[in-house]
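The exercises below go with the structure shown next. Each has a task and a worked solution in steps.

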Amino acid sequence: MSVVLFNPAFSSIEEAMQALDAGELTSVELVEQQLDRIQRLDHKLHAFVDVYAEEARETAQAMDRLRRAGIRLGPLHGVTVAVKDLFDIHGKPITGGSVALPARISTTTATVVERLRCAGAIVIGKTHTVEYAFGGWGTNEVMGTPWNPWDMQTHRIPGGSSSGSAVAVAAGLACAAIGTDTGGSVRIPAGLCGLVGLKTTHGLISRHGLIELCPTHDTVGPLARSVRDGAILLDVMAGADPLDPVSHQAPVRRVLDGVDAMPRGARLWVLPEQEREGVEAAVLAAYDEALATLKGLGMQLVEKALPQRCADSMRIAGQLMSAEGYDHLGALFERSDLRFDTNIRRRILLGRDTAAGEYLRLLRARDAARNDMLAAMDGIEACVFPTNAISAIPVADVDELATPLSRFGRFVNLMNLCSLAVPAGLSPEGMPISIQFIGRPWDEPLVFRLGHAFEQATPWHRLRPGGLD
C-alpha cells in the first residue's frame, strides 16, 4: 500500500487533464507509461483480454495535435479508458468471457463506447469478465481469473463480474474503465479493489452493443479512482439513445456540477442489526468508523428494519437472473460439445425450469419489494451499507455456491435503486473495504454528493496498491 501524490499511471482523470492542459504531460507519454505497465504486469494481473497498443498510440498522437491546436473534444480528451469485454467495438473480437464459440468480430460499436470516444477518451483495450457476467467472485475457469493487485503474493479475488476492469484501474493500467452491474458487478470489484464504482438507474446509460444477461436488471456504470471522476464519466455516458428503447434522459443532465455541495443534515438509513450477522469483523469495524465520520459531517443516522431481508431479495433477484439468462443463453449452454465455466453453466441452467407463470410471479414480487422499499425510504435521503460483506479472499478459498459478495448488492438491482461504492478502509491483510450510498431511482446526483463528502473527509481513495513498480 502506498499514497500517490501525482503519478500519471495512478492519477485521477481530473489530475491527468490538468497536467495535459498545462503541458506538463502529453497523451502519448500517458499511454506509453500505461502500455509499459501492461507489458510488465499484466502477465500476472490478467486484466486484459486484448490491448489496442498501436491504436492507442495513434489516437494519443492525434489528441496531442488537437490540444496543441487549441481543440479539446471533451472532459476525457487524451485519457485512457478500458472496456469490459461485453461491449461491441467495431472490428474487434468480443468473447463475453467465454471460449465456447470462436470470438465474434463486432460489426457495431456500443453507444457508451462511442460517447466515451466523442469526449476524447482513448480506448486502451478490452478487459476480462466472468463468463457472460454471471458471478460475483470474479473467477473464470475458461479464460483465467484476474489477480487483485492489492496482494501480489497471494492470488486473491478481484470481484466480479467486471473483474478485469477493476484490476486495470487499480493497478494503474488505465485511467478508468466501464463495467456492467446486474447484481453488484461494478460495485463488488470496485469495493474489493479500492475504487469508486457506480450502479446506475436502469436505463440511464444505453445498453446498445452490450451482451445482455438479465435485461430487467442489467446496467452500465463506471469504475474510477475518485468520486468526481465517476461523475465525469457518468455525465459523458448518460442519456437517451434511440438504439436502446429502454434508455431515458436523466432528470439532471450534469451530475458533476453539484457534486461538491455538502449534504448536511441528510438522513441516512444504516445497516439494520439483523443484517450485520455474518459480515466480516474488519468490514463492520470500517463501516462503523465510516458512520462516525458521516455523523461528524452533520448527517443523521437512522436504523430500522428493511421491509424485505437482503437474503430474500437475493433469492428473487437470483431466480430472475437465471430465468432471463437462460432465455438469452440457454440454447448455447445446453450444448454438451462446448466448454463452459462449470459454475456459470450451473447458474444459467437453473433458469431452465422457470415457467412463464413463475417468472411473472417473480416480477410481481420484485415490484412489490420495490414499492415497499421506496415507501420505507420516505423521509430518508439514502441508505449507507457496506458494499461487500467480506474483503478479498484467496481464489483457492472461493466457494462458488456461496454468495457473500452479492448480499448487499442484488437488492439494489432488484429494486432499481442507484448506488455509489466508495473506499472506506483496509482489512488487517491490507485489502480494501468499501461502503455504498444507495439512493432512489434517478438519485445519482445525491449519492455522488454523499460519496464526495465522505471521500473528502477520509484518506482511503488516495491509497494505491504497493509492489507494482
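**Exercise 1. Backbone outliers**

In which loop is the place of His46? Give its phi and its exposure class.

Solution. The model is a predicted one, in which local features need pLDDT of at least 70, side-chain atom pairs count only at pLDDT 80 or more, and totals for chains, interfaces and linings use all residues. Residues are numbered from 1 along each chain as its sequence is written, and side-chain values use heavy atoms, with hydrogens and water left out.

Step 1. His46 sits in the loop between helix H2 (27–45) and strand S2 (48–51). Helices (H or I, at least four residues) and strands (E, at least two) are DSSP runs, numbered from the N terminus.

Step 2. The phi of His46 is near 60°, a positive value in a residue other than glycine. Most residues other than glycine have a negative phi, and most peptide bonds are trans.

Step 3. With a relative accessible area of 23%, His46 is partly exposed. The classes are buried (under 20% relative accessible area), exposed (over 50%) and partly exposed in between, with a 1.4 Å probe and protein chains only.

Step 4. Asn416 also has a positive phi, near 55°. Its loop runs between helix H12 (410–414) and strand S13 (418–426), and Asn416 is buried, at a relative accessible area of 16%.

Step 5. A cis peptide bond, with omega about 10°, joins Gly160 and Ser161. Ser161 belongs to the loop between strand S6 (122–127) and helix H5 (163–170).

**Exercise 2. A buried glutamine**

Which residues does Gln34 touch, not counting residues up to four places away in sequence?

Solution. Step 1. Gln34 is found in helix H2, and at 0% relative accessibility it counts as buried.

Step 2. Contact means heavy atoms within 4.5 Å. On that basis Gln34 touches Pro8, Ala9, Thr80, Ile124, Gly172, Leu173, Ala174 and Cys175.

**Exercise 3. Cysteines**

How many disulfides does the structure hold? Find the closest cysteine sulfur to that of Cys193.

Solution. Step 1. A disulfide is a covalent bond between the sulfur atoms of two cysteines. The criterion is a pair of cysteine sulfur atoms within 2.5 Å, and the structure holds zero disulfides.

Step 2. For Cys193 the closest cysteine sulfur is in Cys175, 17 Å away, which is too far for a bond. Cys193 counts as buried, at 1% relative accessibility.

Step 3. Cys418 is in no disulfide either, and the nearest cysteine sulfur, that of Cys383, is 10 Å away. At 0% relative accessibility, Cys418 counts as buried.

**Exercise 4. Helices H7 and H10**

Which residues of H10 are buried, and which residue caps its N-terminal end? Treat H7 first.

Solution. Step 1. Eleven of the eleven residues of H7 are buried, so this helix is largely enclosed by the rest of the structure. Among them are Arg228, Asp229 and Asp235. Just after H7, Gly239 takes a positive phi of about 130°.

Step 2. In H10 (residues 342–349), the buried residues are Asn343, Ile344, Arg347, Ile348 and Leu349. Helix H9 (310–333) is included in what covers them.

Step 3. Asp341 caps the N-terminal end of H10, with a side-chain oxygen 2.9 Å from the backbone nitrogen of Asn343.

**Exercise 5. Empty space**

What are the volumes of the largest cavity and the largest pocket, and what lines each?

Solution. Step 1. On a 1 Å grid over the protein atoms alone, a cavity is a set of points where a 1.4 Å probe fits but cannot get out, while a pocket is an open set with protein on both sides within 12 Å along at least five of seven lines; lining residues have an atom within 4 Å of a point. Grid points are joined across faces, edges and corners, and a volume is the space filled by probe spheres set on the points.

Step 2. The count comes to six cavities of 30 Å³ or more. The largest cavity has a volume of about 70 Å³, and its lining includes Leu204, Asp235, Arg253, Trp442 and Glu444. Helix H7 (227–237) and helix H13 (444–457) each supply at least two residues of that lining.

Step 3. The largest pocket has a volume of about 450 Å³. Of the 26 residues that line this pocket, Phe134, Gly318, Arg347, Thr403 and Arg410 are the closest to its centre. H9 and H10 are the elements that give two or more residues to the lining, and H9 gives the largest share, four residues.

Methods:
Polar contact = N/O pair within 3.5 Å; in protein donor to acceptor, adjacent residues only side chain to side chain.
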